[in-house]
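Before us is a structure whose descriptive labels deserve to be checked one by one. Each turn below takes such a label and sets the value behind it against the cut-off that decides it.

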Amino acid sequence: MSDSADVIVVGAGIVGASTAYWLAQFGVSNLIVLERAVPASGATGKSGALVRLHYPNPHETRLALESLRFFQEWEARVGTPSPFVRAGFLQVVAPEDEEKLRANVAMQRALGAPVELLGPEAVAELEPWRDVTGLTVAAYEPESGYADPVAATFALLHRARQAGAEIRIGERVLAIDVDRERVVGVRTERGRIAAGTVVLAVGPWANQLLTPLGLEYGLVPRRVQVAIFRWPSDLAPRHCCGIDTSLGLWYRPEGETSTLVGLEAGVVPADPDQYAETADASFVPAARAAIARRYPGLAHGIARGGWAGVVMQSPDGRPLIGPVPGYTGLFAMLGDSGTSFKTAPAVGRALAEWVVHGAPAQDLSAFRLTRFAEGQSWVDPTDYARAHRTVSR
Ligand SMILES: Cc1cc2nc3c(=O)[nH]c(=O)nc-3n(C[C@H](O)[C@H](O)[C@H](O)COP(=O)(O)OP(=O)(O)OC[C@H]3O[C@@H](n4cnc5c(N)ncnc54)[C@H](O)[C@@H]3O)c2cc1C
């Protein structure tokens with residue numbers, strides 16, 4: 001085992017795995033990935049992993065679109081069976097947000113996103129089992145869907161390892177070593193590893209490594225729950241993935257006969273080292289009641305379990321991506337805010353470009369880590385404002 005590397009990636013969730021994959025693609029072979037537990041053991045392994053394009057700003061839409069193309073081309077790019085399932089995606093909002101929805105779809109289409117507006121008749125035709133009462137318009141993405149987040153993470157790491165990366169499982173980074181304002185390596189449970197470049201992709205654990213460096217971004221780990229319901233029928237309808245901000249609800253198919261349901265309600269601060277990994281008893285009926293508003297056939301959906309994971313919420317709900325100001329050689333993706341599985345292919349590429357080329361091909365200044373210090377919290381005029389929205393933002 002080496003005690004030095006050109007680049008160290010800390011964390012083997014989907015973001016660390018994608019970064020390692022892209023670093024390897026760009027020819028960085030002296031690369032070590034350090035993972036405290038096992039790959040995808042953080043938010044990634046608990047993810048709903050919806051892969052959709054709907055965001056209320058061009059910056060996240062571009063990342064999502066680039067990433068959707070990556071998921072669609074998975075086999076050619078990664079060389080393993082695709083973890084992506086094309087199920088379609090429907091975005092529904094409260095009546096007062098409909099003009100915003102139309103504006104967002106216009107923006108997304110201008111960027112080349114495959115998305116269209118559907119009226120209630122078209123939605124009912126797409127999903128005849130859906131209750132469309134009160135629905136006037138929805139955004140429909142025929143190419144979107146969801147993925148197996150664990151398979152995706154392992155496949156990206158496997159590809160990085162084939163190109164020379166060393167993946168160290170069960171080795172926790174205790175501190176980032178700096179010499180004045182330059183990164184010189186990391187200290188792990190097993191010793192020191194020297195490196196001039198360190199990429200932090202540690203999800204909800206970020207504060208443990210940032211605080212000793214005097215870095216504070218207002219990041220709060222939050223616990224998010226899901227539940228799975230078997231359709232109470234011999235055949236289950238093959239529905240789209242969806243977000244309904246009027247209900248604080250998101251969902252997707254799970255296997256051939258079930259639906260995975262998440263809610264914004266009950267998302268609370270949590271400790272990623274110590275949290276309840278199963279869904280609360282009260283969450284299951286709440287999730288069933290919410291999904292039954294749209295799919296009445298699930299009013300008696302058979303509970304098949306659920307779980308919780310921890311995401312890292314930033315103060316404005318948008319990720320922070322790029323060089324860490326004050327420390328040469330330190331890069332990070334922070335504050336995934338519950339929506340960063342789908343964008344990880346593009347985010348990993350951008351981080352690798354920063355490391356190798358000095359800047360990403362896309363302008364990611366909107367995600368800069370300095371925005372809070374500048375008093376420039378990110379606000380989208382066409383956001384469907386709800387406090388602390390995570391997965392369904
Ligand atoms: C219930 C739920 C549903 C979600 N649904 C969606 C969705 O539908 N679509 C979507 O896009 N996103 C969704 N998300 C969010 C998405 O899963 C996350 O944004 C994404 O997985 C974050 O990936 P990451 O690699 O940044 O973090 P993580 O997956 O948390 O990975 C961080 C890794 O770093 C490791 N680590 C931490 N500290 C250290 C250390 N000191 N040393 C070494 N290793 C360390 C951890 O063990 C972990 O493996 C959901 C999340 C949850 C919990």
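Q: How many helices and strands does the secondary structure of the chain come to?
A: In this predicted model, the secondary structure of the chain comes to ten helices and 21 strands.

Q: How do you know that the radius of gyration of the chain agrees with that of a compact globule?
A: For 393 residues a compact globule would have a radius of gyration near 21 Å, and the chain has 21 Å, so the value agrees with the rule. The C-alpha trace spans about 60 × 40 × 40 Å along its principal axes.

Q: What share of the residues in the chain is buried, and what share of the contacts joins residues at least 24 apart?
A: Buried residues make up 57% of the 393 residues. Among contacts between residues at least 6 apart in sequence, 75% join residues at least 24 apart.

Q: What does the accessible surface of the chain come to, and how many positive and negative side chains are there?
A: The accessible surface comes to about 15,000 Å², with 53% of it belonging to carbon and sulfur atoms. The chain has 37 positive and 42 negative side chains, and the centres of these two sets lie 1 Å apart.

Q: Why is Thr188 called buried?
A: The label requires a relative accessible area under 20%, and Thr188 has 4% relative accessibility, so Thr188 counts as buried. Its place is in strand E11, which covers residues 182-188.

Q: What makes the approach of the Thr188 side chain to the side chain of Glu171 a polar contact?
A: A polar contact needs a pair of N or O atoms within 3.5 Å, one able to donate a hydrogen and the other to accept it; the side chains of Thr188 and Glu171 make such a contact at 2.6 Å. The side chain of Thr188 also reaches the backbone nitrogen of Arg190, at 2.9 Å. Beyond residues up to four places away in sequence, Thr188 touches Leu34, Glu171, Arg172, Val173, Leu174 and Ile193.

Q: Why is Tyr146 called buried?
A: Tyr146 has a relative accessible area of 9%, and because the label applies under 20%, Tyr146 is buried. Tyr146 lies in strand E8, residues 145-147, and, leaving out residues up to four places away in sequence, the residues it touches include Gly48, Ala49, Pro83, Phe84, Cys241 and Arg252. The C-alpha atoms of Tyr146 and Leu68, which are 78 residues apart along the chain, are separated by 9.9 Å.

Q: Why does Arg252 count as buried, and what does its side chain reach?
A: With a relative accessible area of 5%, set against the cut-off of 20%, Arg252 is therefore buried. Its place is in strand E16, residues 249-254. The side chain of Arg252 reaches the backbone oxygen of Gly48 at 2.5 Å, and the residues that Arg252 touches include Gly48, Tyr146, His239 and Thr259.

Q: What makes the phi values of Ala49 and Ser337 worth stating?
A: Phi of Ala49 is near 60°, a positive value in a residue other than glycine, and phi of Ser337 is near 55°, again a positive value in a residue other than glycine. Ala49 is in the loop between helix H2 (43-46) and strand E3 (50-51), whereas Ser337 lies in the loop between strand E21 (330-334) and helix H10 (344-357).

Q: How do you know whether Ala49 and Ser337 are buried or exposed?
A: Buried means under 20% relative accessible area; Ala49 has 4%, so Ala49 is buried, and Ser337 has 0%, so Ser337 is buried.

Q: Why is Asn30 called partly exposed?
A: Partly exposed is the label between the cut-offs of 20% and 50%, and Asn30, at 32% relative accessibility, therefore counts as partly exposed. Asn30 is in the loop between helix H1 (14-25) and strand E2 (31-35). Apart from its neighbours within four places in sequence, Asn30 is in contact with Ser4, Ala5, Asp6 and Val7. Asn30 and Ala276, 246 residues apart in sequence, are 38 Å apart in space, C-alpha to C-alpha.

How values were computed. Residues are numbered from 1 along each chain as its sequence is written. This is a predicted model: local features need pLDDT of at least 70, side-chain atom pairs count only at pLDDT 80 or more; totals for chains, interfaces and linings use all residues. Side-chain values use heavy atoms; hydrogens and water are left out. Helices (H or I, at least four residues) and strands (E, at least two) are DSSP runs, numbered from the N terminus. Buried means under 20% relative accessible area, exposed over 50%, partly exposed in between (1.4 Å probe, protein chains only). Contact means heavy atoms within 4.5 Å. The radius of gyration is taken over C-alpha atoms; the globule rule is 2.2 Å times the number of residues to the power 0.38. Accessible areas come from the Shrake-Rupley method with a 1.4 Å probe; for residues, only the protein chains shown count as cover. Lys and Arg count as positive and Asp and Glu as negative; His and the chain ends are not counted. The place of a charge is taken as NZ of Lys, CZ of Arg, CG of Asp or CD of Glu.
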